[in-house]
Amino acid sequence: MKTTTTVDTPQKTAHPTSSDHYLATVRRACSTPAGRAALQRGLAGRFRRPWPMYEHLLAHGTIPAAATADAQYPYLLIASLYAIHDAPNPRFDPGGPDADDVPVARLWHNLGWSYRAAVTSRRMDSKRAEDDLAHLARLTLSSLYQVLPGVVGELRAKGAPVEWATLLRDLTQWQSRGEEVRIRWARAFFRQPTAPNGDESP
């Protein structure tokens, strides 16, 4: 009788990126009422006085080093948007995430994926979603910063998910690898969820 030997194929393990670690810091900062409120208020002031945000973010982790205030902007923007739209209210959900809990975001869970989710749930017309995404892809980084709060607010109001760490990574790569980011958005929207080589890792 012939014996067949089964060999386990090692599975690729995704490792947290710096964006994943930063979002874990943001989640922990939002685990107190004062921290969540400080991060929410940052957007209203356009981050001109970010000290209260620093106080709560640095108490729970680190902020990636940025050479200029402009380079730091996406980190503060994402922290504030998460606090506004997705952070649980710590008054009703005390405790917060564990310090070692660092969820890994998928590269393809980007704005194209968010718009596709809005279309799939029939909360947004497909042509409107495609036009909006194409418009965003044409913007400069500074213009994208200006419209993103409204874009995210509409997506979340329609129940579409936002993968915050992926959005942060896309913003920080917009200047140097913008075309790659735009292609990933298009692939995610038109339902091609993996890269040609099957790699989903950043």
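Visitor: What makes helix 8 (residues 164–189) fall short of a straight helix?

Guide: Its end C-alpha atoms are only 17 Å apart, where a straight helix of 26 residues would span 38 Å at 1.5 Å a residue. The expected span is 1.5 Å times one less than the number of residues. Helix 8 also bends by about 120 degrees at R177, the bend being the angle between axes fitted to the seven residues ending there and the seven starting there. The model is predicted, with pLDDT of at least 70 needed for local features and 80 or more for side-chain atom pairs, while totals for chains, interfaces and linings use all residues. Residues are numbered from 1 along each chain as its sequence is written, and side-chain values use heavy atoms, without hydrogens and water.

Visitor: Why is helix 1 called oblique to helix 4?

Guide: Helix 1 (residues 18–29) and helix 4 (residues 69–85) pack at about 45 degrees, with axes 10 Å apart. Angles under 35 degrees count as roughly parallel, over 145 as roughly antiparallel, 65 to 115 as roughly perpendicular and the rest as oblique. Helix 1 is therefore oblique to helix 4.

Visitor: Which residues of helix 1 and helix 4 make the contact?

Guide: Y22, L23, V26 and R27 of helix 1 and Y75, L76, I78, A79 and Y82 of helix 4, where contact means heavy atoms within 4.5 Å.

Visitor: Why are helix 1 and helix 8 oblique to each other?

Guide: Their axes come within 9 Å and cross at roughly 125 degrees. Helix 1 and helix 8 are therefore oblique to each other. In this pair, S19, D20, Y22 and L23 of helix 1 meet W164, A165, L168 and R169 of helix 8.

How values were computed. Helix = DSSP H or I, 4+ residues; strand = E, 2+ residues; numbered from the N terminus. Axes fitted to C-alpha atoms, helices over the stretch in contact; angles between N-to-C directions.
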